[in-house]
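User: I am new to this structure and would be grateful for a close look at one part of it, set out as a connected account. Please explain how the helices there pack against each other.

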Amino acid sequence: CLLPLKKYAKARKLLLLALTLDPYNDEVHYYLGKCHAANQNWKEAIKAYNKAIKIDEGREEYLMAIAKCFGKVEKNELALHYYKKATSCAPERNEYWVEYALFVKKVVGIEAALDVLTEAEEHSVGSDLSFQRAACMFELGLNSQAFSVLEEAMIDDLEGITQKISSEPSIID
């Protein structure tokens, strides 16, 4: 409960106490890593996430968390490795593919990000993947292809777009 309230010091104390009771609780190590990451203590966050992964290597949220940390400390090869593992563990999770593609775009390039998005679409469906693909295409100057992908994504997610528009404050308000 303390993590969403951003009371990381208090949460950390309780998590450390919990570790004295059960040092093999992967979730405690993961949440301890989240406390360190929230304080931008990447080295300690990586240590905690590593411990969680050693206990349960199949938890995609652990793999994604450590990937982000390695990205923050510019250990890009390790970050890419863990992004790949996270998307392999949970290929249906669009948000993981999007984060992976955005990281690849930043450190490798737009064409490589498009390759990640192509792979993502083999395992998952969702307009968010198409929106990212269209953005990459626009950046590459492939405007007509990008508009086509964007149009298809907007048609596929018409309900989601309508909900977002209706939740936005009106200009008239």
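Analyst: In this predicted model, one helix pairing offers a suitable starting point: W42, A45, I46, Y49, N50, A52 and I53 in α3 meet Y62, L63, A65, I66, C69, F70 and K72 in α4. By class, this contact of α3 with α4 comprises twelve nonpolar residues, one polar and one charged. Two packed helices are described by the angle between their axes and the distance between the axes. For α3, which spans residues 42-55, and α4, the angle is about 155° and the axes lie 9 Å apart. Because angles over 145 degrees count as roughly antiparallel, α3 is roughly antiparallel to α4. The crossing in which α3 passes α4 is left-handed.

From α4 the account leads to α6, since the buried residues of α6 pack against α4 (60-72), α5 (76-89), α7 (110-123) and α8 (127-139). These buried residues are N94, Y96, W97, V98, Y100, A101, F103 and V104. Helix α6 itself covers residues 94-107, 14 in number, and its first and last C-alpha atoms are 20 Å apart, close to the 20 Å expected at 1.5 Å a residue. After α6 comes G109, with a positive phi near 145°.

Two of the partners of α6, namely α7 and α8, also pack against each other, at an angle of about 155° and with axes 10 Å apart. They are therefore roughly antiparallel, and α7 passes α8 in a left-handed crossing. On the α7 side the contact involves I110, A113, L114, L117, T118, A120 and E121, and on the α8 side L129, S130, Q132, R133, C136, M137 and E139. Eight nonpolar, three polar and three charged residues make up this contact of α7 with α8.

Notes
Residues numbered from 1 in each chain as written. Predicted model: local features only at pLDDT ≥ 70, side-chain atom pairs only at ≥ 80, totals over all residues. Heavy atoms only, no water. Helix = DSSP H or I, 4+ residues; strand = E, 2+ residues; numbered from the N terminus. Expected span 1.5 Å × (residues − 1). Buried < 20%, exposed > 50% of the residue type's maximum accessible area, 1.4 Å probe, protein only. Contact = heavy atoms within 4.5 Å. Axes fitted to C-alpha atoms, helices over the stretch in contact; angles between N-to-C directions. Parallel < 35°, antiparallel > 145°, perpendicular 65-115°, else oblique. Left-handed = near helix turned anticlockwise from the far one by under 90°. Nonpolar A, V, L, I, M, F, W, Y, C, P; charged D, E, K, R; others polar.
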